[in-house]
Structure formats: C-alpha cells, structure tokens
Amino acid sequence: MPTLITVALIAAACYGLLCVCSPFGDCHRCRGFGYKLTTDRKGRPKRGKPCRRCNGHGKRVRIGRRLYNATRRARRRIV
Ligand SMILES: [Zn+2]
C-alpha cells in the first residue's frame, strides 16, 4: 500500500512541475487547432467555426495551474 501512495505523490509532483513549466495545454475540444474540423460535400476535411471553448486560441490553462493561480490570488487578498 505505501508504494501506491508513493506513486501518487510522484505523479502529483510531476504534474505540478508540468504546470509550472508549461501552464497552457492543448484544448480538449478542438485538440489545439482552434477551430472545429468539418467536411465539405466531397468528404474532405475543412476548417469550421472557431472553437467556442478556447475562443480560437487552441490553448487552455491547465487545471493545476488554475488552482495555483486561484490560491495565489486568495493569499494576496488576505495579506
Ligand atoms: Zn478549442
């Protein structure tokens, strides 16, 4: 059982490091394209509407980074 906790701690540390090094990840909905892929009448892929989730940027703030930003903002408000 201690090994499971160790693995979880290592995974959390790696995710935290990832959030520090690269706070932005690819948008899940458009997979980083920034727009939706649709097909034209011949079945070829075509550029669709801009992604509404990431406003066409193709990037999103990681959940861990968002948590870090929220705690930092809250701490700054208290002090
Ligand atoms: Zn998107």
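## A guided tour from the helix pair to the loops

Begin by selecting helix H1, residues 2-21, together with helix H2, residues 63-78: the two pack with their axes 8 Å apart and at an angle of about 75 degrees. Since angles of 65 to 115 degrees count as roughly perpendicular, H1 is therefore roughly perpendicular to H2. To see where they meet, display Tyr15, Gly16 and Cys19 of H1 along with Gly64, Arg65 and Tyr68 of H2, which make the contact. Coloured by class, this contact of H1 with H2 shows three nonpolar residues, two polar ones and one charged one. The model in the viewer is a predicted one, and the values given on this tour are computed from it.

**The whole chain**

Zoom out to the complete protein. Its secondary structure amounts to two helices and four strands. Followed from the N terminus, the elements come in the order α-β-β-β-β-α. The radius of gyration of the protein is 18 Å, whereas the globule rule gives 12 Å for 79 residues; the protein is therefore more spread out than a compact globule. Turn the C-alpha trace along its principal axes, and its span is about 55 × 40 × 20 Å.

How many of the 79 residues count as buried? The share is 6%. If contacts are drawn between residues at least 6 apart in sequence, 52% of them join residues at least 24 apart.

**Helix H1**

Select H1 alone. From its first C-alpha to its last, this helix of 20 residues reaches 29 Å, close to the 28 Å expected at 1.5 Å a residue. Of its 20 residues, one is buried, so H1 lies largely in the open.

Within H1, pick leucine 17. Is leucine 17 buried or exposed? It counts as exposed, because it has 11 C-beta neighbours inside 10 Å, and a residue with 12 or fewer falls in that class. Next, draw a distance from leucine 17 to glycine 64: their C-alpha atoms are separated by 9.8 Å, although the two residues are 47 apart along the chain. Glycine 64 has already appeared on the H2 side of the helix contact.

**Helix H2**

Move to H2. Its 16 residues should span 22 Å at 1.5 Å a residue, and its end C-alpha atoms are 23 Å apart, which agrees. The number of buried residues among these 16 is zero, so H2 also lies largely in the open.

**The loop between E1 and E2**

Now select the loop that joins strand E1 (24-26) to strand E2 (35-39), and stop at glycine 32. Glycine 32 is partly exposed, because 15 other C-beta atoms lie within 10 Å. Show its contacts, leaving out residues up to four places away in sequence: glycine 32 touches Asp26, Cys27 and Gly58. A distance drawn back to valine 20, 12 residues away along the chain, gives a C-alpha separation of 20 Å.

In the same loop between E1 and E2, select arginine 31. What is the phi of arginine 31? It is near 55 degrees, a positive value in a residue other than glycine. Arginine 31 is exposed, with 11 other C-beta atoms within 10 Å.

**Strand E3 and the loop after it**

Go on to lysine 49, which is found in strand E3. With 10 C-beta neighbours inside 10 Å, lysine 49 counts as exposed. Which residues does lysine 49 contact, leaving aside its neighbours within four places in sequence? They are Tyr35 and Lys36. A further distance can be drawn from lysine 49 to glycine 34: these residues are 15 apart along the chain, and their C-alpha atoms are separated by 8.9 Å.

Finish at asparagine 55, in the loop between strand E3 (45-50) and strand E4 (59-61). Phi of asparagine 55 is near 55 degrees, again a positive value in a residue other than glycine. Asparagine 55 is exposed, since 12 other C-beta atoms lie within 10 Å and the exposed class takes in counts of 12 or fewer.

Notes: Residues numbered from 1 in each chain as written. Predicted model: local features only at pLDDT ≥ 70, side-chain atom pairs only at ≥ 80, totals over all residues. Axes fitted to C-alpha atoms, helices over the stretch in contact; angles between N-to-C directions. Parallel < 35°, antiparallel > 145°, perpendicular 65-115°, else oblique. Contact = placed C-beta atoms within 7 Å. Nonpolar A, V, L, I, M, F, W, Y, C, P; charged D, E, K, R; others polar. Expected span 1.5 Å × (residues − 1). Rg over C-alpha atoms; globule rule 2.2 N^0.38 Å.
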